[in-house]
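Q: I would like a close look at one part of this model. Please set it in the context of the whole chain before going into detail.
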Amino acid sequence: MEVNDNAYLHPQALLLFFRMLSKTKRPLKKWLLDIYRILEDTYGVQECFLKHEDPLQLMVSAILSAQCTDANVNRVSPGLFRKYKCAKDFAEVNIKELQKDIKSIGLYRAKSKNIIASCRKIINEFDGKLPSEMEKLVTLPGIGRKTANVLLCHAFNKPGFPVDTHVQRLTNRIGLVKTENPVKIEMIINKNISEEYWCSFSQLLISHGRARCQARKPNCGNCEIRNLCEKRV
Ligand code: SF4
């Protein structure tokens, strides 16, 4: 059979063609679920990255984790929770003493202030118990929407999709969203994947952000979801 020269496509052109194809609009719901399944197979069931034994401990750890690695928080928190066993212990401590206890963690002045203020509010307004509703959680000093979602899903077993910097970066790189706004990202994902997946999907994206899709150097060549990603390089 005669080979028609015009039918030959350079490998580079073929690659471009397939990339264009992969960028055509996909149904978001299926796209999310496909990514979820692959990441679940890759990383398995994920536990909360911050060690804790009760909701209050998780709240304190979450406040401590701002601009600090989870590993650093987990190194300090066991000693802290041996010393401070309940909201009252944190609420009554002298701020200088708490600052000393968490000094090895960055932003320790602001974090001490927020921990004490949150615990006072928990005692004065919520009967000494951390509330389990988003609208109440975000009234606590140092608790934003991301931390409130962490608490909902890991402390109260409720649906929550925490959007941290990994989740923000990955959802944009993959092409799932086109916004850096964490609340908008949360709303888009929540609308398109069943709430039973919210918490673990956020955890899986964080794991993938750490393992493969780091901020400065995404390892696209070895990425398990590269065929589902618009950014892959
Ligand atoms: S293909 Fe690259 S950019 Fe996309 S998720 Fe994987 S590592 Fe990140």
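From the N terminus on, in what order do the elements of the protein chain run? After that, please look closely at α9: which elements cover its buried residues?

A: From the N terminus on, the elements run α-α-α-α-α-α-α-α-α-α-α-α. The protein chain has twelve helices and zero strands. This is a predicted model. The mean pLDDT of the protein chain is 91, with 89% of the residues at 70 or more. Residues 1-7 have a pLDDT below 50, and this stretch makes zero contacts in the model beyond near neighbours in sequence. Where pLDDT is low, the predicted coordinates should not be read in detail.

Two totals describe the chain as a whole. Of its 233 residues, 32% count as buried. Among contacts with a separation of 6 or more, 59% are between residues 24 or more positions apart.

Now to α9. This helix is mostly covered, with ten of its eleven residues buried. The buried residues are K146, T147, A148, N149, V150, L151, L152, C153, H154 and A155. The list includes the charged residue K146 as well as nonpolar ones such as V150 and L152. An α-helix has 3.6 residues a turn, so residues three or four places apart point the same way. The cover over the buried residues of α9 includes α3, α8 (134-137), α11 and α12. Just after the helix, N157 takes a positive phi of about 55°.

L151 is the residue of α9 to follow further. Leaving out residues up to four places away in sequence, L151 touches P55, L58, M59, A62, L137 and F156. One of these partners, M59, comes up again in the core: of the 50 residues in the largest nonpolar core, M59 and L151 touch the most other members. The elements that give two or more residues to this core are α2 (28-43), α3 (55-64), α5 (87-92), α7 (108-125), α9 (145-155), α10 (165-174), α11 (182-192) and α12 (195-211). The greatest contribution is from α3, with seven residues. Domain 1 (25-44 + 160-228) and domain 2 (55-155) both give residues to the core, so the core lies between them.

α10 can be read alongside α9. The buried residues of α10 are H166, V167, Q168, L170, T171 and I174. Their cover includes α2, α11 and α12. Both α11 and α12 are thus named in the cover of α9 and in that of α10. Just after α10, G175 takes a positive phi of about 105°.

G175 sits in the loop between α10 and α11. This glycine counts as partly exposed because 17 other C-beta atoms lie within 10 Å. Apart from neighbours within four places in sequence, G175 is in contact with C229, E230 and K231. G175 and C229 are 54 residues apart along the chain, and their C-alpha atoms are separated by 6.6 Å.

C229 leads on to the ligand. The ligand is surrounded by 14 residues, and the closest are C213, C220, C223, C229 and R232. By type, the shell divides into eight nonpolar residues, one polar and five charged.

Another pair far apart in sequence involves helix α2, where T42 is found. The C-alpha atoms of T42 and E224 are separated by 7.7 Å, although the two are 182 residues apart along the chain. T42 is partly exposed, because it has 15 other C-beta atoms within 10 Å.

Two further loop residues have backbone angles worth listing. L107, in the loop between α6 (95-101) and α7, has a positive phi of about 55° although it is not a glycine. With 15 C-beta neighbours inside 10 Å, L107 counts as partly exposed. D127 belongs to the loop between α7 and α8, and its phi is also positive, near 55°, in a residue other than glycine. D127 is exposed, because 8 other C-beta atoms lie within 10 Å.

To return to α9: ten of its eleven residues are buried, its cover includes α3, α8, α11 and α12, and L151 is one of the two residues that touch the most other members of the largest nonpolar core.

Conventions. Residues numbered from 1 in each chain as written. Predicted model: local features only at pLDDT ≥ 70, side-chain atom pairs only at ≥ 80, totals over all residues. Core = buried A, V, L, I, M, F, W, Y, C linked by C-beta atoms within 7 Å. Buried ≥ 20, exposed ≤ 12 C-beta atoms within 10 Å, placed from the backbone. Helix = DSSP H or I, 4+ residues; strand = E, 2+ residues; numbered from the N terminus. Domains from an automatic or database assignment. Contact = placed C-beta atoms within 7 Å. Near = placed C-beta within 6 Å. pLDDT = per-residue confidence, 0-100.
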